[in-house]
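Here is a short set of exercises to work through with the sequence and the 3D view side by side. Try each task yourself before you read its solution.

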Amino acid sequence: MNERDTEHMLAELNEKENFSQTGDFKEADLILINTCSVREKPVSKLFSELGIFNKKKKENAKIGVCGCTASHLGKDIIKRAPYVDFVLGARNVSKITEVLHKPKAVEVDINYDESEFAFKDFRTSLYKAYINISIGCDKQCTYCIVPKTRGEEISIPLNLIVDEANRAVNSGAKEIFLLGQNVNNYGRRFSGKHDKVNFTNLLQELSKIEGLKRIRFTSPHPFHMDDEFIEEFAKNPKICKSMHMPLQSGSTKVLKDMKRGYSKEWFLNRVEKLRSMVPDVSISTDIIVAFPGESDEDFNDTIDVMDKVKFDQIFSFKYSARPETEAEHFTNVVNPEIASQRLTFLQDLYTKHLDEKMASKLGNIYEVYFEDLNADGYVSGRSDNNLVIKAKGSEELLGKFRKVKVTSIGRSI
């Protein structure tokens, strides 16, 4: 999502200000830092990065701070780093060419509506296109700062999404990647009057585009994974068979404290239905360990889900209190040493599961869409179910589909 926001800003700057990118920030007339605030570490890193840019940038070069941390901290960024020229929030991307000419501008209105703004076309990849289908988030997860930085959820009109997908395919992309905080809640609210439509309907409309071979999306919310959605996912040949399902915790009690809206049993039921219909589906997830009040029993519930699902990929973190969230005020904090032990145990278990799953891939044949040229004489791409696969080859393979037999496996390429 941050990558797509960056592409939108670059598109506006290229079209309206005649900017082009440079590989060396010391040559830049404008330096943009697009930020995340989901965890504490990136926020801390921001100010150290700003100091480096300020010391080494060329004279009169401007610095702008954009994204979720910009939304959250606003004018405090300029107070802490007075050399910053402007601050642009995650919900205000379309104003990039305005703030560029307003000294010390701070545009961070999280209620600003960009859902029908016609951004200029710009993609960093020739072979796939990121497409926003909604902005903001209506969920009230007690640990999450996103609703405070991206505002309420508004869906982008279906016709704008289909038009953008058509333009991407006409310019060479064979894969589109749909983006939203909760993509399968699509259609809940539009800013104007539009026909009633849901995420399944959107997938069906996009699948009609001639020349479009693959559709990916992130992130669906487990609460909204109804049978209609799963059945469309299973039967539609253009939808890639990889699903990101953010678990967060395997404990129903902790999920309730997090205000996630589903139980351990519901999550496992959805996984079971998915795998019954698509046996080779890859499932990835997010997990937070040591959420306030998480007991040994609660953590064991998470491990139980890990053992039952055997995720293909996990993004796992120790709980980090974020400002302006309900959980920031929870007092039943887990001991930091115990939190570290739990994270290590969970990640070691995932590595064991992954090694077992990868061993079963040897000798299999996958259709790979090649999109990256490596420096070692290889090209790499992804299978339908999101395996990263590389093969010997040149740029002639980029943007093409080829069947590839797996002859060796590793944890990175």
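**Exercise 1: The second largest pocket**

Find the element that gives the most residues to the lining of the second largest pocket, and describe what else surrounds this space.

Solution. Helix 1 gives the most, with eight residues in the lining of the second largest pocket. Keep in mind that you are looking at a predicted model.

Step 1: look at the whole lining. It has 32 residues, and those nearest the pocket centre are Thr 6, Leu 30, Ile 31, Leu 32 and Ile 33.

Step 2: sort the lining by element. Helix 1 (2–16), strand 1 (30–35) and helix 2 (40–56) are the elements that give two or more residues.

Step 3: sort the lining by class. You should count 15 nonpolar, 10 polar and seven charged residues.

Step 4: add the volume. The second largest pocket holds about 780 Å³ of space.

**Exercise 2: A closed space**

How many cavities of 30 Å³ or more does the structure hold, and which residues line the largest cavity?

Solution. Step 1: count. There is one cavity of 30 Å³ or more, and the space in the largest cavity is about 30 Å³.

Step 2: list the lining. The largest cavity is lined by Asp 5, Met 9, Asn 34, Cys 66, Gly 67, Leu 88, Gly 89, Ala 90 and Val 93. Two or more of the lining residues come from each of helix 1, strand 2 (62–67) and strand 3 (86–89).

Step 3: sort by class. This lining divides into five nonpolar residues, three polar and one charged.

**Exercise 3: Salt bridges**

Work out which parts of the chain are tied together by the salt bridge of Glu 175 and Arg 216, then follow the partners of Lys 253.

Solution. Step 1: start with the idea. Side chains of opposite charge can pair when their charged atoms come close. The structure holds 25 salt bridges.

Step 2: take the first pair. The side chains of Glu 175 and Arg 216 meet with an N to O distance of 3.3 Å. Glu 175 belongs to strand 8 (residues 175–179) and Arg 216 to strand 9 (residues 214–218), so this salt bridge ties together parts that are 41 residues apart in sequence. Glu 175 is buried, at 2% relative accessible area, and Arg 216 is buried too, at 4%.

Step 3: turn to Lys 253, which is partly exposed at 42%. Its salt bridge with Asp 257 has the closest N and O atoms 3.2 Å apart. Both residues are in helix 10 (residues 252–258), four residues apart, which means about one helical turn separates Lys 253 and Asp 257. Asp 257 is partly exposed, at 28%.

Step 4: look at the other salt bridge of Lys 253, with Asp 298, where the closest N and O atoms are 3.9 Å apart. Asp 298 lies in helix 12 (residues 296–309) and Lys 253 in helix 10, so here the linked parts are 45 residues apart in sequence. Asp 298 is buried, with 6% relative accessibility.

Step 5: finish with a network. Salt bridges link Lys 264, Asp 301, Asp 304 and Lys 308.

**Exercise 4: Cysteines**

Why is there no bond between the sulfurs of Cys 141 and Cys 144?

Solution. Step 1: recall the bond. A disulfide is a covalent bond between the sulfur atoms of two cysteines.

Step 2: check the distance. The cysteine sulfur closest to that of Cys 141 is in Cys 144, 6.0 Å away, and so too far for a bond. Cys 141 is buried, at 11% relative accessible area.

Step 3: search everywhere. The whole structure has zero disulfides. Cys 68, for example, is in none, with its nearest cysteine sulfur, in Cys 36, 6.1 Å away. Cys 68 is buried, at 6%.

**Exercise 5: Backbone details**

Which residues does a cis peptide bond join, and where do Asn 18 and Lys 259 lie?

Solution. Step 1: find the cis bond. Thr 218 and Ser 219 are joined by it, with omega about -5 degrees. Ser 219 is in the loop between strand 9 and helix 9 (227–235).

Step 2: visit Asn 18, in the loop between helix 1 and strand 1. Its phi is near 60 degrees, a positive value in a residue other than glycine. Asn 18 is exposed, at 70% relative accessible area.

Step 3: go on to Lys 259, in the loop between helix 10 and helix 11 (264–277). Phi of Lys 259 is positive, near 60 degrees, and Lys 259 is partly exposed, at 44%.

Conventions:
Residues are numbered from 1 along each chain as its sequence is written. This is a predicted model: local features need pLDDT of at least 70, side-chain atom pairs count only at pLDDT 80 or more; totals for chains, interfaces and linings use all residues. Side-chain values use heavy atoms; hydrogens and water are left out. On a 1 Å grid over the protein atoms alone, a cavity is a set of points where a 1.4 Å probe fits but cannot get out, and a pocket is an open set with protein on both sides within 12 Å along at least five of seven lines; lining residues have an atom within 4 Å of a point. Grid points are joined across faces, edges and corners, and a volume is the space filled by probe spheres set on the points. Ala, Val, Leu, Ile, Met, Phe, Trp, Tyr, Cys and Pro count as nonpolar, Asp, Glu, Lys and Arg as charged, and the others, Gly among them, as polar. A salt bridge is a side-chain nitrogen of Lys or Arg within 4 Å of a carboxyl oxygen of Asp or Glu. Buried means under 20% relative accessible area, exposed over 50%, partly exposed in between (1.4 Å probe, protein chains only). A disulfide is a pair of cysteine sulfur atoms within 2.5 Å.
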